[in-house]
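These are my notebook entries on a structure I went through region by region. I set down what I looked up and what I found.

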Amino acid sequence: MAETGKNIEEAARLLSQGQLVAIPTETVYGLAANALDETAVLAIFAAKNRPFFDPLIVHTHNIESLYRYAVLSDERLRLLAQHFWPGPLTLLLPKTELIPDLVTSGLNQVAIRIPNHPLTLRLLQSLPFPLAAPSANPFGYVSPTQSSHVNDQLGKQVAYILEGGPSTVGLESTIVGMEDQTLCIYRLGGLAIEDIENVAGPAELRLNQSSNPKAPGQLKSHYAPKTKLLLGPLNALLQTYAKVPKAVLYMGPSRTSEPNTLFLNLSESSNLNEAAIQLFKLLRMADNSGMELVLCEEVPEIGLGRAINDRLRRAATRE
Ligand code: TXA
Ligand code: MG
């Protein structure tokens with residue numbers, strides 16, 4: 001078990017020594033280290049068992065502090081930054097010399113985000129360096145949306161967990177960048193495309209680049225539980241697997257669990273924001289339920305529904 005608490009000074013002290021601290025954000029918990037210290041950054045990759053081709057997001061507390069690390073000159077990206085930061089948005093920007101190549105996997109763009117969590121913003125403000133932080137889960141597994149998730153899997157690897165309560169968005173940030181004057185979305189996430197397009201105009205989806213991904217959230221299999229997960233029309237799946245012990249993720253009017261069927265409700269009122277908040281927690285519950293299968297079906301493809309479906313598809317078992 002890692003020490004868990006709300007002591008920002010302690011978190012800052014450990015980070016200044018090059019240690020790993022789990023930090024709360026509105027999207028998911030991050031596994032943070034000094035982004036300018038290569039040895040500390042290496043420890044992130046080791047703790048997560050993460051391949052070096054998967055670059056890290058750098059977190060700062062305001063736009064002024066970002067200029068030391070990245071160039072924010074594109075007009076549309078500036079608009080997005082002004083509208084949605086602090087928030088579930090990550091921008092890919094040309095990096096400055098200060099950012100080690102290890103952080104960007106040798107790419108000349110760095111992913112930057114200003115997270116919207118009061119404790120983490122205060123922590124960032126108190127530090128003379130930005131924080132590199134991937135989601136605080138082993139590589140490829142479901143992201144953590146509460147401190148106990150971090151403790152369960154990375155409790156031995158982190159020096160301290162900053163307790164910030166459950167994440168209020170529940171999905172990782174949406175990753176946006178520019179390519180040849182085109183606004184591109186590389187990962188669907190906690191900021192809906194509709195909101196992005198309202199502010200910055202049309203955007204193109206560039207997901208799913210399975211080899212040499214720009215963003216490994218783009219890897220086809222990711223966010224995956226250990227238990228086999230089947231995605232399809234729920235009633236048909238329930239009939240086919242009537243006799244098999246299973247956990248079922250669903251949305252809508254509540255259903256009663258039976259001895260061999262554990263029903264887990266993402267949102268009784270079919271509210272997609274609530275479903276986003278619940279998704280990873282319930283996926284973990286399903287995975288830890290001891291059932292043989294996890295069944296679920298896609299949600300409506302609007303707003304955060306797109307990002308939820310994206311995670312479900314990547315979590316699903318490919319036959
Ligand atoms: O909401 C979030 O984004 C959370 C919280 C902790 O901020 N972080 C997160 O980090 O989800 P991670 O490492 O699990 O996912 C970051 C994604 C990866 O898929 C990575 O490939 C992409 O961002 N990324 C990071 N730097 C990049 C870069 N320079 N170019 C392209 N993609 C990059
Ligand atoms: Mg991740």
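Entry 1, a buried threonine. I began with the surroundings of Thr227 in this predicted model, and, leaving aside neighbours within four places in sequence, I found Thr227 in contact with Asp287, Met291, Glu292, Leu293 and Val294. I then asked whether Thr227 is buried or exposed. With a relative accessible area of 12%, Thr227 is buried, because the cut-off for that class is under 20%. I placed Thr227 in the loop between β11 (204-205) and β12, and I noted that its side chain is joined to that of Asp287 by a polar contact of 2.5 Å.

Entry 2, the helix that holds Asp287. Asp287 is one of the buried residues of α10, so I turned to that helix, which covers residues 272-287. I wanted to know how far apart the end C-alpha atoms of α10 are, and whether that agrees or disagrees with the expected span. The 16 residues should span 22 Å at 1.5 Å a residue, and the end C-alpha atoms are indeed 22 Å apart, which agrees. I also recorded a bend of about 45° in α10 at Leu279, and Leu279 is itself among the buried residues of the helix. The other buried residues of α10 include Leu272, Ala275, Ala276, Phe280, Leu282 and Leu283, and I noted that Gln278 and Arg284 are buried too.

Which elements do the buried residues of α10 pack against? I listed α7 (147-154), the strands β12 (228-231), β13 (246-251), β14 (261-267) and β15 (293-296), and the helix α11 (305-315).

At the start of α10 I looked for side-chain contacts with the backbone, and found a side-chain oxygen of Asn271 that reaches to within 2.8 Å of the backbone nitrogen of Asn273. Ser270 is in the loop between β14 and α10, and has a positive phi of about 55° although it is not a glycine. At 38% relative accessibility, Ser270 counts as partly exposed.

Entry 3, the two domains. I looked up how the chain is divided, and the assignment gives domain 1 (3-205) and domain 2 (228-316). Their C-alpha centres lie 28 Å apart, and 24 residues of domain 1 are in contact with 16 residues of domain 2. About 1600 Å² is buried between the two domains, and carbon and sulfur atoms give 58% of that area. I then asked which three residues supply more than any other three of the area that domain 1 buries against domain 2. They are Val142, Leu171 and Leu188, which supply 33% of it.

Entry 4, two buried positions in strands. Ala22 lies in strand β2 (residues 21-23) and is buried, with a relative accessible area of 0%. Leaving aside neighbours within four places in sequence, I found Ala22 in contact with Gly30, Val150, Val158, Tyr160, Ile161 and Leu162. Gly30 falls in strand β3 (residues 30-34), while Val150 falls in α7 (147-154). I also noted Pro138, which is 116 residues from Ala22 in sequence, with 13 Å between the C-alpha atoms.

Asn34 is found in strand β3, and at 10% relative accessibility it counts as buried. The side chain of Asn34 reaches the backbone nitrogen of Leu36 at 2.8 Å. With the neighbours within four places in sequence again left aside, Asn34 is in contact with Leu15, Ala40, Val41, Phe129, Pro130 and Leu131.

Entry 5, backbone details in loops. I checked the peptide bond from Trp85 to Pro86 and found it to be cis, with omega near -5°; Pro86 has its place in the loop between α4 (75-84) and β5 (89-94).

Ser105 has a positive phi of about 55° although it is not a glycine, and it lies in the loop between α5 (101-104) and β6 (109-113). I put Ser105 down as partly exposed, on the basis of its 25% relative accessibility.

My last stop was Pro259, in the loop between β13 and β14, which counts as exposed at 85% relative accessibility. The C-alpha atoms of Pro259 and Pro245 are separated by 8.0 Å, and the two residues are 14 residues apart along the chain.

Methods:
Residues are numbered from 1 along each chain as its sequence is written. Chains are lettered from A and ligands numbered from 1 in the order in which they are written. This is a predicted model: local features need pLDDT of at least 70, side-chain atom pairs count only at pLDDT 80 or more; totals for chains, interfaces and linings use all residues. Side-chain values use heavy atoms; hydrogens and water are left out. The expected span of a helix is 1.5 Å times one less than its number of residues. The bend at a residue is the angle between axes fitted to the seven residues ending there and the seven starting there. Buried means under 20% relative accessible area, exposed over 50%, partly exposed in between (1.4 Å probe, protein chains only). Contact means heavy atoms within 4.5 Å. A polar contact is a pair of N or O atoms within 3.5 Å; within protein, one must be able to donate a hydrogen and the other to accept it, and residues adjacent in sequence count only if both atoms are side-chain atoms. Domain bounds come from an automatic or database domain assignment. Buried area is the accessible area (1.4 Å probe) that two parts lose on being put together, summed over both.
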